[in-house]
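Biologist: I'd like to go through this model with you and hear the reasoning behind each label. Can you walk me through it?

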Amino acid sequence: MTTWKDIKDGLCEVREHDRSGVYPAMGRSYYNINCPFCGVSTRGYVWSIGGGKRCPGCKAMHDSIGQTHKLRRTVSAPRPRTS
Ligand SMILES: [Zn+2]
């Protein structure tokens, strides 16, 4: 579970995410955010995204400036061989 402390401490991998804004005439504007780590899309309301929006798929944190942060130790990557 990525937290803001992890982000500040530099423990996270950062990737740019794709998002598109939806601005209904009535109601609250939001973004559709595609997670660059797991591909799950989620909806982040414009009024609340300043506090971050958590990915429901991998628990990475989408921020308000178009980046997604994920704890490095939870990123699946091939391990170097130690033989
Ligand atoms: Zn994700």
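**Labels and the reasons behind them**

Modeller: Sure, starting with a tryptophan: W47 sits in the loop between β4 and β5. Keep in mind that this is a predicted model.

Biologist: What makes W47 count as exposed?

Modeller: A residue is exposed if 12 or fewer other C-beta atoms lie within 10 Å of its own. W47 has 10 such neighbours, so it counts as exposed. As for where it is, its C-alpha lies 8.0 Å from that of R28, and the two are 19 residues apart in sequence.

Biologist: And P24, why is that one called exposed?

Modeller: Same kind of reasoning. P24 has 8 C-beta neighbours inside 10 Å, and the cut-off for exposed is 12 or fewer, so P24 is exposed. This proline is in the loop between β2 and β3. From P24 to K70 it is 30 Å, C-alpha to C-alpha, with their positions 46 residues apart in sequence.

Biologist: Now K59. Why is it put down as partly exposed?

Modeller: Buried takes 20 or more neighbours and exposed takes 12 or fewer, with partly exposed in between. K59 has 16 C-beta neighbours inside 10 Å, so it lands in the partly exposed class. K59 belongs to the loop between β5 and β6. Its backbone is worth a look too: phi is positive, about 70 degrees, although K59 is not a glycine.

Biologist: Where do I find a glycine with a positive phi?

Modeller: Look at the hairpin of β3 and β4, where G39 has a positive phi near 85 degrees. That hairpin has six residues between the strands.

Biologist: What makes G44 buried?

Modeller: The cut-off for buried is 20 or more other C-beta atoms within 10 Å. G44 has 21, so it is buried. You'll find G44 in strand β4. Beyond the neighbours within four places in sequence, G44 is in contact with Y30, Y31, I33, I49, K53 and H62. The C-alpha atoms of G44 and D18 are 12 Å apart, with 26 residues of chain separation.

Biologist: How much of the chain counts as buried?

Modeller: Of the 83 residues, 20%. The C-alpha atoms fill a box of roughly 60 × 25 × 15 Å along the principal axes.

Biologist: Which residues make up the largest nonpolar core?

Modeller: There are eight: Y30, Y31, I33, C35, F37, C55, A60 and M61. Strand β3 gives the most to this core, with three residues. Take C55: leaving aside neighbours within four places in sequence, it is in contact with C35, C38, V40, T42, A60 and H62.

Biologist: On to the sheets. What is the overall run of elements?

Modeller: Going from the N terminus, α-β-β-β-β-β-β-β. In total that is one helix and seven strands.

Biologist: How do you know that β2 and β3 are paired, and how many bridges join them?

Modeller: Pairing needs at least two bridges between two strands. Five bridges join β2 to β3 (residues 30-34), and the two run antiparallel, so by that cut-off they pair. Within β3, I33 is the bridge partner of R19, and Y31 is the bridge partner of G21. Five bridges also join β3 to β4, again antiparallel, with N32 standing opposite R43 in β4.

Biologist: What sheet does that give?

Modeller: An open sheet of three strands in the order β2-β3-β4, with antiparallel pairing. Its edge strands are β2 (18-22) and β4 (41-45), each pairing on one side only. On average, neighbouring strands of this sheet are turned by 25 degrees against each other, direction ignored.

Biologist: How many bridges join β6 to β7?

Modeller: Two bridges join β6 (residues 61-62) to β7 (residues 67-71), running antiparallel. The cut-off is at least two bridges, so this counts as a pair. In β7, T68 is the bridge partner of H62.

Biologist: And which sheet do β6 and β7 belong to?

Modeller: Four strands form an open, antiparallel sheet in the order β1-β7-β6-β5. β1 (12-16) and β5 (53-54) stand at the edges with a single partner strand each, so one side of each is left without a neighbour in the sheet.

Key: Residues numbered from 1 in each chain as written. Predicted model: local features only at pLDDT ≥ 70, side-chain atom pairs only at ≥ 80, totals over all residues. Axes fitted to C-alpha atoms, helices over the stretch in contact; angles between N-to-C directions. Core = buried A, V, L, I, M, F, W, Y, C linked by C-beta atoms within 7 Å. Contact = placed C-beta atoms within 7 Å.
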